[in-house]
Amino acid sequence: MDPVEVFSAGEKGRGLRVTKEISAGEVVFAEASFAAVVFDSLSLQVCHSCFRRKVNPHRCAQCKFAHYCDRTCQRAAWDEHEQECSAIKKIGHAPNETVRLVARILWRIQKDTGLVSDAQLTTLDLLEDHLSKLSSEDLKELKVDVQHFYKYWPKNSKPIGEDYVVHLFGMVNCNGFTLSDQRGLQAVGVGLFPNLCLVNHDCWPNCTVILNPGNQTALDTSLHSKRRIELRALGKISEGEELTISYVDFLNVSKDRQQLLKKKYYFDCRCEHCISGSKDDLMTAVRDTHGHKSSADVVKAVNDFSLQALVKIEEARTEGNFHEVVKLCHECLEKQDPVFGDTNLHLLRVLSITSEVLSFMHQFGEAAGYAQRVLDGYTKLYPPNSAQLGMAIMRVAVTHWHAGLIETAHSLVCRAYAILIITHGAHHPITKDLEAMRTQTEMELRLFKQNEPVYHSMREAVLTDKPLMVSGGQIKAT
Ligand SMILES: [Zn+2]
Ligand SMILES: [Zn+2]
Ligand SMILES: [Zn+2]
């Protein structure tokens, strides 16, 4: 049994707490998805069984909608696809991802009577749907999905009352968990994990949740736990303490985080960091030059300028006009730098885009400088064991490696590894990537210290021959 129990967490409703002390990096519990679907937009590029991205996937000959890595993945998924397959065939097209997810949940409930195992701590009936808090517009949208559901749900299946269907749509809306691809780079689908739904939010949480397919090989289909999440402790958690995760990125001022949470999850965050507004001052920091700070009017003008510039920057980036992006970023930084402090979110956002785009344009030396500033800011803002921070350090390490700054690159790789071993664990594909990188940078650093010219000529050869390769995939130079 997992060391967790459900308890009443006051105005937050139900919550989960631990029944014994947990240490940093420990998996509090792991859970397979009750049901999950690939996003509509990626249905041709992502395997509907293991959710990995796949070039030229194998298509289901029946519905022509589902795609798989290969027949092994297809066979593993047949149990959950069978009824869906004939329903799609019957109406001639696949409905949207939310309708597909609700239908999969219902087929699963009918098969398993709703409770999959003793480890499941709640039934789906008891999960929040927040229907009463929905705006009339959202409710209208939900009802459209419900209509689509009834067109899709097979006439010969057990009829389902509308109230229950509406409950499931509301529940999926606020409890659906976004699934990312194998390297955590892209959101590819959405799934329902009942136990995870019981874990409440805190802007400065004691746990993180990651998708980890585990160690099974594709052949081991009986254990093919395709969509498995792990709730991992970020630090020591005492017996009886509530488990929390963050539903939103911490890098928003408390007022903005509260707004995001209210809009998507229908509650007012009263976590310690929101109440005290801690770090808000850093996130809106104004530069102090020898005791002199810009006036409120100037700060407001640069704030407004930044917001407008970011819109233009995003437009140019979407168009692939990277020279324009860099030009706009430089213009923006010229205005921001004298006014904003190092941890100001507007400044960090522009610095981060500048570094990313310069890396993309292979101007790694300049990119590394900007990346370093982003990282210094993030380090002051994020919790020390945050997965976002770990991933950011990893990206900055790659930029430094490309720039030939091997000493910094190696120390950053080690720093990222120390975080990811806690947030992702030793068996996660990203941690394995980092381990391979660490071996490489360690070797290069040794060479660099022994004989710098040899190091540089080796690097030239490696760079022209093959960019930093790890686990068969090329690390994106962002
Ligand atoms: Zn697959
Ligand atoms: Zn099919
Ligand atoms: Zn909060």
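This report walks through the zinc sites, nonpolar cores, cavities and two buried helix residues of a predicted model.

A word on conventions first. In this predicted model, local features need pLDDT of at least 70 and side-chain atom pairs count only at pLDDT 80 or more, while totals for chains, interfaces and linings use all residues. Residues are numbered from 1 along each chain as its sequence is written, chains are lettered from A and ligands numbered from 1 in the order in which they are written, and side-chain values use heavy atoms, with hydrogens and water left out.

## The zinc sites

Let's start with the metals. A donor here is an N, O or S atom within 2.8 Å of the metal (3.2 Å for Na, K and Ca); water is not among the atoms, so sites may look incomplete. The table sets out the sites.

| Zinc ion | Donors | Distance | Spacing in sequence |
|---|---|---|---|
| Ligand 1 | C47 (SG), C50 (SG), C69 (SG), C73 (SG) | 2.3 Å | C-x2-C-x18-C-x3-C |
| Ligand 2 | C60 (SG), C63 (SG), H81 (NE2), C85 (SG) | 2.1 to 2.3 Å | C-x2-C-x17-H-x3-C |
| Ligand 3 | C203 (SG), C269 (SG), C271 (SG), C274 (SG) | 2.3 to 2.4 Å | C-x65-C-x1-C-x2-C |

What is the geometry around the zinc ion (ligand 1)? Its 4 donor atoms subtend angles of 99 to 116°, so the arrangement is tetrahedral. That label asks for four donors with all angles between 85 and 135 degrees; four count as square planar and six as octahedral if opposite donors are over 155 degrees apart and all others between 65 and 115, and anything else is irregular. The zinc ion (ligand 2) is tetrahedral too, because the angles among its 4 donor atoms run from 104 to 118°. For the zinc ion (ligand 3), the 4 donor atoms make angles of 103 to 115° in a tetrahedral site.

The donors also join separate stretches of sequence. Helices (H or I, at least four residues) and strands (E, at least two) are DSSP runs, numbered from the N terminus. At the zinc ion (ligand 1), C47 sits in the loop between β4 and β5 (58-59) and C73 in helix α1 (residues 71-91), so the pair ties together parts that are 26 residues apart in sequence. Both C47 and C73 are buried, where buried means under 20% relative accessible area, exposed over 50%, and partly exposed in between (1.4 Å probe, protein chains only). At the zinc ion (ligand 2), C60 and C63 are both buried.

The zinc ion (ligand 3) has C203 (SG) and C274 (SG) among its donors. This pair links distant parts of the chain, 71 residues apart: C203 is in the loop between β9 (200-201) and β10 (207-211), and C274 in helix α7 (residues 272-276). C203 has a relative accessible area of 2% and is buried; C274 is buried at 7%.

## The nonpolar cores

Now for the interior. A nonpolar core is a set of buried Ala, Val, Leu, Ile, Met, Phe, Trp, Tyr and Cys residues joined through side-chain atoms within 4.5 Å. The largest has 72 residues, and V28, I105, F149, L196, L231 and L243 have the most contacts inside it. Helix α2 (residues 97-112) gives the most to this core, with 8 residues.

Which residues does V28 touch, not counting those up to four places away in sequence? They are D2, P3, V4, V18, I22, C207, L231, A233 and L243, with contact meaning heavy atoms within 4.5 Å. Apart from this core lies another, of 58 residues, among them I313, V326, C329 and V396.

## Two buried helix residues

Y152 lies in helix α3 (residues 136-152) and is buried, with a relative accessible area of 1%. Leaving aside neighbours within four places in sequence, Y152 is in contact with E84, A87, I88, I91, P95, V99, R100, A103 and W107.

I422 belongs to helix α14 (residues 406-423) and counts as buried at 15% relative accessibility. With the same neighbours within four places left aside, the contacts of I422 are A24, G25, R232, A233, L234 and N385.

## Enclosed space

Rolling a probe the size of a water molecule over the atoms shows where empty space is left. A cavity is a set of points, on a 1 Å grid over the protein atoms alone, where a 1.4 Å probe fits but cannot get out; lining residues have an atom within 4 Å of a point. Grid points are joined across faces, edges and corners, and a volume is the space filled by probe spheres set on the points.

How many cavities of 30 Å³ or more does a search of the whole structure find? There are 2, and the largest holds about 40 Å³ of space. Its lining consists of A36, V37, V38, H48, F51, F65, E84, R100 and R104. β4 (35-38) and α2 are the elements that give two or more residues to this lining, and β4 provides the largest share, 3 residues.

How values were computed: 1 Å grid on protein atoms, 1.4 Å probe; cavity = no way out; pocket = protein on both sides within 12 Å on 5 of 7 lines; lining within 4 Å.
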